[in-house]
Amino acid sequence: MVSEIIVDVGLNERRVALLEDKDLVEVFIERNDSERLVGNIYRGKVSSVLPGMQAAFIDIGYEKNAFLYVGDAVSQKEFTEDEEEMYSDMKSYNIEEILRPGQEITVQVTKEPIGTKGPRVTTHITLPGRQLVLLPNADYIGISRRIEDEDERAKLKKIAEKVKPKNMGLIVRTVSEGKREEDFKNDINFLVKLWEKIKKSEHSGPVPRCIHKDLNIIYRAVRDIFTWNIDKFIINDRQEYNKVLELVEMSSPALKLRVECFNKNIDLYEHFQIDSMISRALSKKVWLKCGGYLIIERTEALTVVDVNTGKYVGNNNLEDTVLRTNIDAAKEIAKQLRLRDIGGIIIIDFIDMHEIEHQKQIIDTLKQALKKDRTKTTVVGMTGLGLIEMTRKKVREGLASTVLYDCPLCDGTGKILSPESIARNVEKEISKYFTKTIANAIQVEVHPSVARILLGENGENLKRIESTFNKKIVIKESEEVKNEEMKIKEIDIESLL
């Protein structure tokens with residue numbers, strides 16, 4: 001499989017796309033006018049404490065206060081890396097015993113503000129490097145779950161124990177697989193110095209304020225995505241290209257040969273057909289290779305994925321047709337969740353399967369396909385109604401929310417009133433208008449689709465309306481008038497004669 005990172009540097013926007021065999025699997029967009037918060041560290045002030053929610057709101061200088069849950073306020077020193085054990089013990093803690101209004105506190109943003117909600121923060125600071133993640137407020141060692149070989153995990157844990165700073169924790173990242181002790185030294189030195197710098201700036205300056213900003217999207221791509229599995233890193237800006245080379249020289253010098261500057265006189269994303277792939281990723285309907293299709297519907301509470309056989313009719317029997325479609329769907333769903341960056345609760349309605357073995361096979365296929373996703377996912381299982389429940393960690397707005405905005409005509413529902421419904425509203429407005437005027441004739445300007453309903457066959461509907469009000473009514477069609485819009489005005493009846 002050929003993997004490529006394609007970076008498009010524009011005047012107001014930077015886009016990073018990850019391609020696998022020329023197919024778009026991930027895309028990240030960062031604009032100059034929208035500040036990214038995740039990863040930033042702030043010296044904030046407790047605005048209010050909410051015992052009923054076991055949480056607090058923290059003023060970090062952003063327009064909305066940040067949300068801090070009690071589990072993210074308790075010191076990590078008291079727990080191991082076992083998240084389930086850690087959060088099961090949270091019930092014994094009271095947020096009022098940990099925080100008080102006006103208290104100054106250092107927090108890191110873990111989730112971007114989404115919709116009406118402010119950012120989510122934690123006191124469990126993480127400082128990611130190339131090979132390792134430093135946990136200044138913890139004291140344990142974690143190994144990336146994506147490293148599955150037990151011997152390799154044991155080897156890396158032994159190395160991490162040697163290099164781990166005293167009273168701090170480490171997480172060994174996936175890219176560290178196969179590395180040796182000396183490969184970690186640069187990371188450790190840099191991260192420890194960075195933490196010392198953050199600690200020094202903690203108590204000097206106004207509160208709230210930002211005391212550390214994470215790297216921008218291009219340099220995060222170098223740090224987090226550009227590994228030995230990536231064949232090319234292509235960027236279309238000479239200045240940023242030189243900076244990327246400097247970063248790679250410090251972290252993985254051997255990868256410098258894979259960095260390319262795109263100098264052709266054509267659009268980078270047009271050359272790789274990325275814009276067209278992004279457009280397809282915004283569609284509700286996704287076709288499967290077998291001829292079936294998915295319908296992906298997002299709501300505020302959850303995302304629903306419906307699987308349909310579509311054009312695929314199979315060759316043998318119904319069970320085989322359903323199984324083949326569902327297997328293709330499971331693989332495509334994992335890809336679409338990653339591409340669209342869909343987070344939160346996800347419900348999947350696969351085509352009904354009667355064989356228990358087939359149901360297990362679909363769940364296994366889905367779990368296997370999700371292993372490519374760097375964002376944490378959990379497949380909960382199948383409900384009594386045959387729906388598969390899963391969750392995917394929500395860190396930021398998804399692709400659709402970044403690229404699209406709600407339609408002003410339909411308020412984001414995707415639906416507008418039918419011409420028949422609008423025509424009925426026009427009749428009501430005509431009735432109201434005649435109660436306020438003594439005019440004998442009016443002109444009603446509407447969209448052509450609405451005009452056809454108001455006129456009716458051979459003008460029968462208009463005759464009925466005129467008979468009702470005993471007035472002269474002229475219906476004027478106009479493409480410039482929006483579907484639900486109408487313009488009513490008085491006219492001189494003599495001008496019609």
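**A guided reading of the predicted model**

Glu466 is buried, its relative accessible area being 15%, because the term applies under 20%. The residue belongs to helix H14, which spans residues 460–469. Leaving aside residues up to four places away in sequence, Glu466 touches Lys471, Lys472 and Ile473. The structure in which this side chain sits is a predicted model, and the description below moves from its sheets and helices to a pocket and then to individual residues of the backbone.

The first sheet to consider is open and has six strands, in the order E16-E17-E18-E19-E21-E20, with mixed pairing. Its edges are formed by strand E16 (285–287) and strand E20 (377–382), each of which pairs on one side only. On average, neighbouring strands of this sheet are turned by 20 degrees against each other when direction is ignored. Strands of a sheet pair through backbone hydrogen bonds, in either a parallel or an antiparallel manner. Within the six-stranded sheet, strand E19 (residues 344–349) and strand E21 (residues 388–392) run antiparallel and are joined by five bridges. Ile346 stands opposite Met390 in E21.

Two helices pack on this sheet. Helix H9 touches E16, strand E17 (293–298), strand E18 (302–308), E19 and E21, and its direction makes about 150 degrees with that of E18. Helix H10 (residues 356–370) touches E19, E20 and E21, and the direction of H10 makes about 175 degrees with that of E20.

Helix H9 also has a part in the surroundings of helix H8. In H8, which covers residues 274–281, the residues Ile274, Met277, Ile278 and Ala281 are buried. Viewed down the axis of H8, these buried residues fall within an arc of 105 degrees, so they line one face of the helix. The elements that cover them include strand E1 (3–9), strand E2 (13–20) and strand E3 (23–31), together with helix H7 (268–271), helix H9 (318–340) and helix H11 (399–403).

Several of these elements meet again at a pocket. Rolling a probe the size of a water molecule over the atoms shows where empty space is left. The second largest pocket has a volume of about 790 Å³. It is lined by 28 residues, of which Asp23, Lys289, Lys331, Glu332 and Lys335 are the closest to its centre. At least two lining residues are supplied by each of E3, H8, E16, H9 and H10. Helix H9 gives the largest share of the lining of this pocket, nine residues.

A further open sheet has four strands, in the order E9-E10-E12-E11, again with mixed pairing. Strand E9 (127–128) and strand E11 (141–143) are its edge strands, each pairing on one side only. E9 and strand E10 (residues 132–135) run antiparallel and are joined by two bridges. One bridge partner can be named: Pro128 is matched with Val133 in E10. Helix H3 (residues 150–163) packs on this sheet, where it touches E11 and strand E12 (169–172), and its direction makes about 150 degrees with that of E11. Helix H4 (residues 185–202) packs on the sheet as well, touching E9, E10 and E12; the direction of H4 makes about 35 degrees with that of E10.

The loops that join these elements contain some backbone features of note. Most residues other than glycine have a negative phi, and most peptide bonds are trans. In the loop between H4 and strand E13 (209–212) lies Pro208, and a cis peptide bond with omega of about 10 degrees joins Val207 and Pro208. Asn167 is located in the loop between H3 and E12. The phi of Asn167 is positive, near 65 degrees, and this residue counts as partly exposed at 44% relative accessibility. Asp21 occupies the loop between E2 and E3. Its phi is likewise positive, near 50 degrees, and Asp21 counts as partly exposed at 47% relative accessibility.

A last loop residue is Tyr93, placed between helix H1 (83–88) and helix H2 (95–98). With a relative accessible area of 24%, Tyr93 is partly exposed, because the buried class is confined to values under 20%. The C-alpha atoms of Tyr93 and Val70 are separated by 7.5 Å, although the two residues are 23 residues apart along the chain.

Conventions
Residues numbered from 1 in each chain as written. Predicted model: local features only at pLDDT ≥ 70, side-chain atom pairs only at ≥ 80, totals over all residues. Heavy atoms only, no water. Buried < 20%, exposed > 50% of the residue type's maximum accessible area, 1.4 Å probe, protein only. Arc of directions from axis to C-beta. Contact = heavy atoms within 4.5 Å. Pairing = 2+ DSSP bridges. Axes fitted to C-alpha atoms, helices over the stretch in contact; angles between N-to-C directions. 1 Å grid on protein atoms, 1.4 Å probe; cavity = no way out; pocket = protein on both sides within 12 Å on 5 of 7 lines; lining within 4 Å. Points joined across faces, edges and corners; volume = space filled by probe spheres on them.
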